[in-house]
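Here is a short set of exercises to work through with the model open beside you. Try each task before reading its solution.

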Amino acid sequence: MKTIVGNWKMNVGTRESVALARGVLLALRGKRTLPEVVACPPFVALSEVRKIVARSHVALGAQDVFWEETGAFTGEVSARMLTELGTTHVIVGHSERRAQLGETDETVNKKTLAALAHGLTPIICVGETAAEREAGEAEAVVKRELRTALHHVKLKPKDRLFVAYEPVWAIGSGTPATPADAVAMHRFIKSLLADFLPQQKDGQVGVLYGGSIDGKNAYAFLRENEIDGLLVGGASVKLNEFSDILAAAMDVLEGQLSR
Ligand code: PGA
């Protein structure tokens, strides 16, 4: 399977989110070999987008979650509130939140545990900065982020979990990692996951690549076996680009079937 997650960030309001969701459904209409598709609009648009994607192939994701269930936490949104809205997936630890909104490895862990406790599929973002890569620390950074994010995590049979490898320097820069570098890091992440989540079953845990994916480069990543899918930012709010990414995923899946 391949999974395509659209992280709409703070780029679209409710009206645009609804239009975008409709467009995504149109792009998938009549197609047979569909990837798993997850749309992550801003919180305020979740309930309207849910009306569009309900009973469709597109799942609803949030861009963040708070770790407590209820209480005096002004401005925060809990996992229970998200599931009430039909949300099934949630991005945690995005590098924009780490860099600008005080997210730490420890808060990513709390959010991951809260998401799983409520049956949400966390999409845990990890990745090194340019300076860390140049210093030869990319693997060490990813290992630290992942080890803390998964502290005390024990997957139950129905749980799912994604790790999104998003090198910080590739996000929104127009320069993705090379597929070969992404594959190497995905292999490393998968070896860590075998260690950190020894109870995982086939298909329960996936590793996505994110960072400057567009309609033209998506195929080169998706055709790699180690890459279970993509987390797409900027190109996910451009319907023509996102449709091309979905088409690339369908091409790969059809190729796999005919082999
Ligand atoms: P980008 O963002 O596709 O715009 O680089 C990816 C992300 O931040 O998830």
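Let us warm up with a proline. Keep in mind throughout that this is a predicted model.

**Exercise 1. Decide whether P198 is buried or exposed, and place it in the chain.**

Solution.
- Step 1: The relative accessibility of P198 is 62%.
- Step 2: The cut-off for exposed is over 50%.
- Step 3: P198 therefore counts as exposed at 62%.
- Step 4: As for its place, P198 belongs to the loop that links helix 8 (179-196) to strand 7 (205-210).
- Step 5: Now compare P198 with Y219, 21 residues apart from it along the chain: their C-alpha atoms are separated by 31 Å.

**Exercise 2. Find how far apart the C-alpha atoms of V108 and V92 are, and describe the setting of V108.**

Solution.
- Step 1: V108 is part of helix 5, which covers residues 105-117.
- Step 2: Its relative accessibility is 0%, so V108 counts as buried.
- Step 3: Along the chain, V108 and V92 are 16 residues apart, and 6.1 Å separates their C-alpha atoms.

**Exercise 3. Work out where T87 and E128 lie and what their side chains contact.**

Solution.
- Step 1: Start with T87, which sits in the loop between helix 3 (79-84) and strand 4 (89-92).
- Step 2: The cut-off for buried is under 20%, and T87 has a relative accessibility of 4%, so it counts as buried.
- Step 3: A polar atom in the side chain of T87 is 3.0 Å from the backbone oxygen of L82.
- Step 4: Turn to E128, found in the loop that runs between strand 5 (121-126) and helix 6 (130-134).
- Step 5: E128 is buried too, because its relative accessibility is 0%.
- Step 6: The partner of the E128 side chain is the side chain of W169, in a polar contact of 3.0 Å.

**Exercise 4. Look at the backbone of R55 and S212: what is the sign of phi in each?**

Solution.
- Step 1: R55 is not a glycine, yet its phi is positive, near 60°.
- Step 2: S212, also a residue other than glycine, has a positive phi of about 60°.
- Step 3: R55 is in the loop between helix 2 (46-53) and strand 3 (58-62), while S212 is in the loop between strand 7 and helix 9 (218-222).
- Step 4: With a relative accessible area of 85%, R55 is exposed; S212, at 16%, is buried.

**Exercise 5. Describe the surroundings of the ligand: which residues come nearest, and how are the shell residues divided?**

Solution.
- Step 1: There are 13 residues around the ligand, and the nearest are K9, H94, E166, G172 and S212.
- Step 2: By type, the shell has 4 nonpolar, 7 polar and 2 charged residues.
- Step 3: From the side chain of E166, an N or O atom is 2.7 Å from a ligand oxygen.
- Step 4: S212, met above for its positive phi, places a backbone N or O atom 2.7 Å from an oxygen atom of the ligand.
- Step 5: For G234, a backbone N or O atom is 2.8 Å from a ligand oxygen.
- Step 6: The ligand on its own exposes 280 Å², of which the protein buries 95%.
- Step 7: Finally, the ligand takes up the space of the second largest pocket.

Key: Residues numbered from 1 in each chain as written. Predicted model: local features only at pLDDT ≥ 70, side-chain atom pairs only at ≥ 80, totals over all residues. Heavy atoms only, no water. Near = heavy atom within 4 Å. Polar contact = N/O pair within 3.5 Å; in protein donor to acceptor, adjacent residues only side chain to side chain. Areas by Shrake-Rupley, 256 points an atom, 1.4 Å probe, with all protein chains shown as cover. 1 Å grid on protein atoms, 1.4 Å probe; cavity = no way out; pocket = protein on both sides within 12 Å on 5 of 7 lines; lining within 4 Å. Sits in = over half its atoms within 2 Å of the grid points. Nonpolar A, V, L, I, M, F, W, Y, C, P; charged D, E, K, R; others polar. Helix = DSSP H or I, 4+ residues; strand = E, 2+ residues; numbered from the N terminus. Buried < 20%, exposed > 50% of the residue type's maximum accessible area, 1.4 Å probe, protein only.
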